[in-house]
Amino acid sequence: MNTVTLQFLGAAGTVTGSRHLLSTGDRDLLVDCGLFQGRKELRLKNWEPFPIPPKDLDAVGITHAHLDHSGYLPRLVTGGFHGLVYCSRPTADLLGILLPDAAHLQEEDAEFANKKGFSKHAKALPLYTAEDAQDALRHLRPVMHKQVVQMDNGFQFHFHNAGHILGSKFLHVTADGVRVLFTGDVGRYRASGGKPETLPDPADYLVMESTYGDRLHPKDDVRPRLAKVIQETVKQGGTVVIPAFAVERTQRLLFLIRSLMEEGQIPSVPIHIDSPMAIEAVKIFMRYSEEFDEETKAMVKRLGSPLNWPQVHFDKTVEESKQASSSRYPAIIISSSGMATGGRVLHHLAQRLPDHRNTVLFVGFQAPETRGRLICDGAGTVKIHGEEIPVRARIERFEEFSDHADYEEMLRWLESFPGAPKQVFLVHGEPEAARALEQRIEKKFGWGVHVAQPGEKVALH
Ligand SMILES: [Zn+2]
C-alpha cells in the first residue's frame, strides 16, 4: 500500500486560499480550491503556477461556495484540470452565480486599471474571464446529502452539514483506509436552531478551520443594536452602507432589516441590493428555504420573498448602481465585496465615507490589510481606485452576523466528535488564532494538534 499524504497548498497561516491535496500515490484529490484574498502578497499567489500540474489531479471536492474555498476553480480548469468537481447541490447553484461574478469583477478591475493607467504592469489582466468561469461550472457534480462517492481507485467520500452557509458541508474522505475529515468552515450554534452536524463517523485525522480560534462572538440579540444604528443614521439624513457578499449573510440581514421596518423599529427607507447577481442569489436562497434554521424559516413564511418587497431595489446594472450611489435621500445599501477589496461597494464607499452623517456597517470577517480591516481599525483615509478617501462616516462592526463558529462553538462541536483523532491539523486562521485554538484543544481534549504551515506535506497512516 502507498503512503497517504496530505499537503497544505493554501489557507495555512492565513484565512484564504483553502486548497488541501490528499494523495494516495496513484490518486490525487484536492479538497477546496480557493482564491487567496486580502493583502497583495497573498493575492499574487493566485498567479503562481499550481504546485502540481492540474491535469494530474483526479478530482476536487468543494466544502462550500465561498470564493476562498472555490474561487480558484476556473484557473485550475484553464490550467488543464479535466476531472470532476464534487459539491452539494446548493453549492453548485451558488457557484453558478459566484464564479461568473468573480470573473466579472476581475475583468472590470483589469479594465479599470488599464483605463486609469494605475496598473504597475504593462497591461492588467483578469485572473480568469467569465468564459473560463462557465467552463469551470461544467465540471461540477452535485452530490446528495450523505451519498457516498466511490472513486475508481482508493478514494471514497461523503458530506455532512457544516451549518456555515447554505449548502456548506464537511467532507469525510477515506483514502486507502485512512479517514480524514475536512471541516471547510464550521458553522455556529444559533439560538434559532442552526448548528453544525454532530458526526456519526470517526476520523483518523481532522483538518479544521481556526478563523475565530482566539475570539468569542457577542451572543446577545443583534436587533436592538442594528435598529439603533440604522435609526440614528437615517435621522441625521445619512445612508447606511453594508459591504456584504450577496449570499447567505446578506439574505439573513435583509430579512432582519425588513422585520425591523415591519415592527416600526426603523423607518421604512429604500434598501438597495447592489449586485448583478442579487436577484439570482435570492431565488437560490428561497429555493432551499427548507434548510434554514427555525427563526429564518418563520421570517420567510411571514415576509415572503424579498423580490416582492416594495422597499427593496435590486440594482442590476451599473446605471442603477450609480443612481443609488448619488442619491441624497437616506437609504440602506448592501453591496459586495464584504471586505471592500473590490466590486461596486468601492464606489459607494468613495461617495459615502467622507460624510459624517453616513454609517458603514461591516458584518463579516475582515482579513488583515484589506480595506475593510483598515477602516475598522480606524484608518483616517483609505485608497480607493487610486485616490485617498477621508474616513469621516461612522464605522460599525457587527460580529454577530458571522457565519463562523467562535472557539467555544468549535470546542463544543469537537465534544461531539466520535473518538479522538490521531491528529488535528489547524488551517484557515491567522497564526495567533490558530495557535490559540491549538492550545485550547490540547488542554480540553489532550489530542495531538498541529498548526499547518504553507506548503507543508504530512504522511497519514
Ligand atoms: Zn466560508
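A residue counts as buried when its relative accessible area is under 20%, as exposed when it is over 50%, and as partly exposed in between. In this predicted model, H385 has a relative accessibility of 23% and therefore counts as partly exposed.

**Backbone features**

H385 is found in the loop between β17 (381-384) and β18 (387-390), and although H385 is not a glycine, its phi is positive, at about 50°. H428 is likewise a residue other than glycine with a positive phi, here of about 55°, and its place is in the loop between β20 (423-427) and α14 (431-445). With a relative accessibility of 2%, H428 counts as buried, because the cut-off for that class is under 20%. A further backbone feature is the cis peptide bond from S336 to S337, with omega near 15°; S337 lies in the loop between β15 (332-335) and α11 (345-352).

S321, placed in helix α10 (residues 318-326), has 5% relative accessibility and so counts as buried. Between S321 and H347 there are 8.9 Å in space, C-alpha to C-alpha, while in sequence these two residues are 26 residues apart.

**The zinc site**

The zinc ion has as its protein donors H64 through NE2, H66 through ND1, H164 through NE2 and D185 through OD, which lie 2.2 Å from the ion. Along the sequence, these donor residues follow the spacing H-x1-H-x97-H-x20-D, and both H64 and H66 are buried. Which geometry does the site of the zinc ion have, given the angles among its four donor atoms? The angles run from 92 to 165°, and the site is irregular; four donors would count as tetrahedral only if all angles lay between 85 and 135 degrees, so the upper end of the range rules that class out.

**Cavities and a pocket**

The structure holds six cavities of 30 Å³ or more, and the table sets out the volume and lining classes of two of them.

| Cavity | Volume | Nonpolar | Polar | Charged |
|---|---|---|---|---|
| Largest cavity | about 70 Å³ | two residues | four residues | four residues |
| Second largest cavity | about 60 Å³ | four residues | six residues | two residues |

The largest cavity is lined by D101, H104, L105, E108, D274, S275, P276, S336, G343 and R344, and helix α4 (residues 89-116) supplies the largest share of this lining, with four residues. Because domain 1 (4-215 + 403-460) and domain 2 (223-401) both give residues to the lining, the largest cavity lies between them. S336, which begins the cis peptide bond described above, is one of the residues that line this cavity.

Around the second largest cavity, the lining residues include H20, D32, H69, F182, M208, E209 and H428, so that the buried H428 also takes part in enclosing this space. Strand β11 (residues 205-209) gives the most to the lining of the second largest cavity, with three residues.

The second largest pocket has a volume of about 620 Å³, and of the 31 residues that line this pocket, N161, G163, I165, G167 and E291 are the closest to its centre. By class, the lining of the second largest pocket comprises nine nonpolar, ten polar and twelve charged residues, and at least three residues are drawn from each of domain 1 (4-215 + 403-460) and domain 2 (223-401).

Notes. Residues are numbered from 1 along each chain as its sequence is written. This is a predicted model: local features need pLDDT of at least 70, side-chain atom pairs count only at pLDDT 80 or more; totals for chains, interfaces and linings use all residues. Side-chain values use heavy atoms; hydrogens and water are left out. Donors are N, O and S atoms within 2.8 Å of the metal (3.2 Å for Na, K and Ca); water is not among the atoms, so sites may look incomplete. Four donors count as tetrahedral if all angles lie between 85 and 135 degrees; four count as square planar and six as octahedral if opposite donors are over 155 degrees apart and all others between 65 and 115; anything else is irregular. Buried means under 20% relative accessible area, exposed over 50%, partly exposed in between (1.4 Å probe, protein chains only). On a 1 Å grid over the protein atoms alone, a cavity is a set of points where a 1.4 Å probe fits but cannot get out, and a pocket is an open set with protein on both sides within 12 Å along at least five of seven lines; lining residues have an atom within 4 Å of a point. Grid points are joined across faces, edges and corners, and a volume is the space filled by probe spheres set on the points. Ala, Val, Leu, Ile, Met, Phe, Trp, Tyr, Cys and Pro count as nonpolar, Asp, Glu, Lys and Arg as charged, and the others, Gly among them, as polar. Domain bounds come from an automatic or database domain assignment. Helices (H or I, at least four residues) and strands (E, at least two) are DSSP runs, numbered from the N terminus.
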